[in-house]
Amino acid sequence: MIKNIINGIKAYFGAFGLISKLGLWKYFTIPILISFITGIIFLGLSWFLSDPLGALIAKAWIWEWGSETFGVISKYLSIFLILAIGLVLYKHIVMALSAPFMSPVSEKVEAHLLNHQNHSHRNTTFREQLMRGIRINIRNLLRELVFVIPLVVLSFIPVIGIVATILIFLVQAYYVGFGNMDYTMERHFTYKESIDFVKRHRGMAIGNGIVFMAMLFIPVLGFIITLPISVVAASTETIKILDKEGIFSTETSSQTSKIAKE
């Protein structure tokens, strides 16, 4: 697990250079636009909704004494809740809508790493890639919220809150890494097979997601560069694992057998 987490993180070191080497920046124009617009919308919503939500939370304090202090705390609490849930939603919306644009990027990385070896894989359309991206990210979003919402509540308890906050970060990292890996897996695995694959290599997903989450906190620039670099990093490491497990040779053998029968 620890080794895979480290490998997922190390994959970022050569990602930027690989993007430039393969001329991949042109594929990121629309995803970057989607990411930037979605990020601005969620930041705006957190600003405008913080006061109403804070006032609603403040009503839970029924005593006169300390009401003013609790009102201030409630406002900051509302901002934290909106940002925490908004960040979860933001990631999955961007990753789902970007799926048709990220799959070709992953395919080019795969061709480069395998030295353009010929092997068969599932050929999917723009619509199929989009629908799979939406399906994967809705599934991950629901599961992530099941873990994150209780952890957000626990994060306000002294001492326990430190552990809860770390777990919130790691849970989000796992699911975002899952999404980045699926841009490669969708060519080789079915929906269920992809889920099983990530479960076996959850360390790699967490490692990829840790850097993704950290980069999002870079003002403005984080919304622009995070997705391209993280997708290339996830693709390189996923392809290495697939190659090590013999997936590509299996696919080539299957294609050869099919041609022989014909």
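The legends below describe close-up views of a predicted model.

**View 1. Overall fold of the predicted protein, with 10 helices and zero strands.** Read from the N terminus, the elements follow the order α-α-α-α-α-α-α-α-α-α. Of the 262 residues, 47% count as buried. Among contacts with a separation of 6 or more, 82% are between residues 24 or more positions apart. The protein exposes about 13,900 Å², and carbon and sulfur atoms supply 70% of this area.

**View 2. Helix H2 and the glycine that comes just after it.** Helix H2 spans residues 15–22, and Ala-15, Leu-18 and Ile-19 are buried in it. Seen down the axis of H2, these buried residues fall within an arc of 105°, so they line one face of the helix. An α-helix has 3.6 residues a turn, so residues three or four places apart point the same way. Just after H2, Gly-23 has a positive phi of about 65°.

**View 3. A nonpolar patch on the surface, with helix H3 giving the most to it.** The patch is formed by Leu-33, Phe-36, Ile-37, Ile-40, Ile-41, Leu-43, Leu-45, Leu-49, Leu-83 and Val-220. Together these residues have about 860 Å² of accessible area. Helix H3, residues 29–58, gives eight residues to the patch. One of the patch residues is Phe-36, which is found in helix H3. Phe-36 counts as partly exposed because its relative accessibility is 31%, and partly exposed covers the range between under 20% (buried) and over 50% (exposed).

**View 4. Ile-136 in helix H5 and the residues it touches.** Helix H5 runs over residues 126–154 and contains Ile-136. The relative accessibility of Ile-136 is 1%, so this residue counts as buried. Not counting residues up to four places away in sequence, Ile-136 touches Phe-178, Asp-182 and Tyr-191. One of these residues, Asp-182, is 46 residues from Ile-136 along the chain, and the C-alpha atoms of the two are separated by 8.3 Å.

**View 5. The buried and exposed sides of helix H7.** In helix H7, residues 191–200, the buried residues are Tyr-191, Ser-194, Ile-195, Phe-197 and Val-198. They cover an arc of only 160° around the axis, which puts them on the same side of H7. Lys-192 and Arg-200 are exposed on the other side of H7. The cover over the buried residues of H7 includes H5, helix H6 (160–185), helix H8 (202–215) and H9. Two residues of this buried set appear in other views: Tyr-191 is touched by Ile-136, and Phe-197 is in contact with Thr-238.

**View 6. Thr-238 in helix H9 and its surroundings.** Helix H9 covers residues 221–244, and Thr-238 has its place there. Thr-238 has a relative accessible area of 0% and is therefore buried. Its side chain reaches the backbone oxygen of Ala-234 at 2.6 Å. Leaving aside neighbours within four places in sequence, Thr-238 is in contact with Met-181, Thr-184, Met-185, Phe-197 and Met-204.

Notes. Residues numbered from 1 in each chain as written. Predicted model: local features only at pLDDT ≥ 70, side-chain atom pairs only at ≥ 80, totals over all residues. Heavy atoms only, no water. Patch = residues over 30% accessible without salt bridge, like charges linked within 9 Å, V, L, I, M, F, W, Y side chains within 5 Å. Areas by Shrake-Rupley, 256 points an atom, 1.4 Å probe, with all protein chains shown as cover. Salt bridge = Lys/Arg side-chain N within 4 Å of Asp/Glu carboxyl O. Helix = DSSP H or I, 4+ residues; strand = E, 2+ residues; numbered from the N terminus. Buried < 20%, exposed > 50% of the residue type's maximum accessible area, 1.4 Å probe, protein only. Polar contact = N/O pair within 3.5 Å; in protein donor to acceptor, adjacent residues only side chain to side chain. Contact = heavy atoms within 4.5 Å. Arc of directions from axis to C-beta.
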